[in-house]
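Here are my notes on the ligand site and the metal site, as promised. Have the structure open while you go through them.

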Amino acid sequence: MPPRALRGQLLAALTALALTACAAQPAPEVEAHESAPIESGRDYHTLANVDEFRVRHLALDLTVDFAARRLKGTASLDVDRIAGTGRTLVLDTRGLDVSAVEWQPGAGADAGVRAMPLSFSIGPEQAPLGAPLSIALPSTAKSFVVRIHYATRPEASGLQWVVPAGTAGKLQPFLYSQSQAIHARSWVPLQDSPQVRMSFDATVRVPPGLRALMGAEHDPAPGADGVYRFHMPQPIPSYLLAIAVGRIDFRPIGARTGVYAEPEVIDAAAHEFADTEKMLETGEQLFGPYRWGRYDVLILPPSFPFGGMENPRLSFITPTVIAGDRSLVSVIAHELAHSWSGNLVTNATWRDFWLNEGFTVYLERRIMAAVYGRRRAAMEDLLGYQSLENEVATLPPAEQILAIDLRGRDPDEGVTDIPYEKGHAFLGWLESRVGAASLHAFLKAYFAHFSFESISVEQFLAYLEPELLSKHPGAVTAAELHRWIDEPGMALAIRPQSDALMRVEAVRTAFLAGETTAAALPYARWTTQERLYFLNNLPASVPRAQLDALDAALHLTDATNSEIAFSWFGIAIRNEYAPAWPRLEQYLVSVGRRKLIVPLYTSLMKTPSGAERAHAIYARARPGYHPITAATLDAIVH
Ligand code: BES
Ligand code: ZN
């Protein structure tokens, strides 16, 4: 038991959390909420009446129409009434064309009753949330099923319809979804909130020669008739709902792991991700049982806007991590780690997003340390920490808070290094105070305790206190916790130590002092992480002669590793290094991963000649980008 005072302080800290969250400087868009304190655990990003009804199961029957760029069919929702006697069910939608809603009779009082049409209406669009679909219910039944007949629109924010030219094979189109954070509502009418979990079944009808995939149990053999069936017994939040259709093969890696990819990339992908089974076994040892059956990865076309997306049973992965040498597989460790942090224990709202991502980065580095050694994990730690330092130097203070207030904004705007690297740094700091063994045991218990639940930061803190802090009296103060969760900056973060990168640092210093030439750098012997450290830490301005020498010796303009190319192109843009332009253009036209292109466009826009180049490139590249990426870039490349 902790001393009373500490418990009292913690309670005070919890209260302060709720209060200071709204005292933080609001962005202009959130002004409407300025005076209202933020309510812990309340999802401000759904229009659905989740306090009255809960969707428990979803049954989809969808036909994929590539010519019309539409999914068309039905979504049947099994709904429980959890409070009141209201006669209106409100669901989230964004740009859906709803043609009919039916009441599907259930058991009990309804037995024998035929399906009947229900009246419904779609309210006005409330950006960024979409439009509410209100359905008039014929009774106050406790449980019922509604079936919605609908079609998506070509511009659905959660779908990308990729033309054949945007795929590896260039033969067939490709479709994939990206539901996180609030894009599921653009392709399925549902309660689009991370605190609602549902199981699902789906039938997906696709054109001949294409395969449909979802993050669910299915037959890995291609269906001859173009009809694919899926069954997901574990309840998932809507942001994890995922679909992909394309010319896709399967290759097993281990007993529970495998790769789906276009035939052109499947060999490279299977080689790159050969350690996935080992990572899964490691995850189970460290964090507890793997609750999802299989773990497969799907390699998407290069326009995929993220490094990876942790769709349960089937992570979606960018092809830009296929470097040939497994140097970027931390993305797999990361998405796999979400099987515990995120998918099993889920953020209750987007304010709690760091519980997903910060914990996952911490788990990711533990998997990397176990599979590839501490040296590799320590380098990735330090690179992440430096990235956080750079972000903290530029982000406004209100954006640097872990428990961020995103009311009135698109939750995608909260995706910065703060939830990831500051969240991770918080756990690293906690580890330094209570010891690794104690924190690791706590985390394992945490995943078991909250499995298949969605929790807020306050629920996490309320569990942390008795289950960890009380066992280490005096190790952590309430003021420190408060500072971590509720205040900007990273003052308490502990700088990671990497001996390997210290040696690179010495070489970097010598090079900048003119004591070593570019040709004499041990670059060929360095790992990707050492190379990245060297490049990331070059000064803002590098003389042309040095750039020429580096490029000649290290072939940076021709780098095939997507992260190294990214780092080099950043240097090239800052220093107007023209020899890099053709490759830069090729990179920006072929890669759609936001993290790798948004900063390059931003940097180009800082000078008139760069802006001119950005405009020309963007005109060529935009048609191939995902709607989310195009929306971000439209605001930057004006
Ligand atoms: N869940 C995220 C991706 C995401 C977050 C999509 C928020 C939409 C909204 C995924 O797990 C992720 O973090 N991906 C990273 C991978 C990296 C940290 C290894 C990415 O895409 O860069
Ligand atoms: Zn993640």
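1. The shell around ligand 1 is mixed by class: six nonpolar, six polar and five charged residues. Keep in mind that this is a predicted model. Of the 17 residues surrounding ligand 1, the closest are Gln-180, Gly-307, Glu-310, Glu-335 and Tyr-420.

2. Where does the shell come from? β18 (308–309), α4 (330–337) and α5 (353–372) each give at least two residues, and the largest share, three residues, belongs to α4. Ligand 1 lies between domain 2 (248–339) and domain 3 (343–486), because both contribute to its shell.

3. Now the polar contacts. An oxygen atom of ligand 1 sits 2.5 Å from a backbone N or O atom of Gly-307. On the side-chain side, an N or O atom of Glu-310 is 2.6 Å from a nitrogen atom of ligand 1, and a polar side-chain atom of Glu-357 is 3.0 Å from a nitrogen atom of the ligand. As for cover, the protein takes up 91% of the 520 Å² of accessible area that ligand 1 has on its own.

4. Glu-357 turns up again at the zinc ion (ligand 2), where the protein donors are His-334 (NE2), His-338 (NE2) and two OE atoms of Glu-357, at 1.9 to 2.8 Å. The donor residues follow the spacing H-x3-H-x18-E. His-334 in helix α4 and Glu-357 in helix α5 are 23 residues apart, so this pair links distant parts of the chain.

5. What about the geometry? The six donor atoms around the zinc ion subtend angles of 52 to 159 degrees, so the arrangement is irregular. For reference, ideal angles for six octahedral donors are 90 or 180 degrees.

Methods:
Residues are numbered from 1 along each chain as its sequence is written. Chains are lettered from A and ligands numbered from 1 in the order in which they are written. This is a predicted model: local features need pLDDT of at least 70, side-chain atom pairs count only at pLDDT 80 or more; totals for chains, interfaces and linings use all residues. Side-chain values use heavy atoms; hydrogens and water are left out. A residue is near a molecule or strand if one of its heavy atoms lies within 4 Å of it. A polar contact is a pair of N or O atoms within 3.5 Å; within protein, one must be able to donate a hydrogen and the other to accept it, and residues adjacent in sequence count only if both atoms are side-chain atoms. Accessible areas come from the Shrake-Rupley method with a 1.4 Å probe; for residues, only the protein chains shown count as cover. Helices (H or I, at least four residues) and strands (E, at least two) are DSSP runs, numbered from the N terminus. Ala, Val, Leu, Ile, Met, Phe, Trp, Tyr, Cys and Pro count as nonpolar, Asp, Glu, Lys and Arg as charged, and the others, Gly among them, as polar. Domain bounds come from an automatic or database domain assignment. Donors are N, O and S atoms within 2.8 Å of the metal (3.2 Å for Na, K and Ca); water is not among the atoms, so sites may look incomplete. Four donors count as tetrahedral if all angles lie between 85 and 135 degrees; four count as square planar and six as octahedral if opposite donors are over 155 degrees apart and all others between 65 and 115; anything else is irregular.
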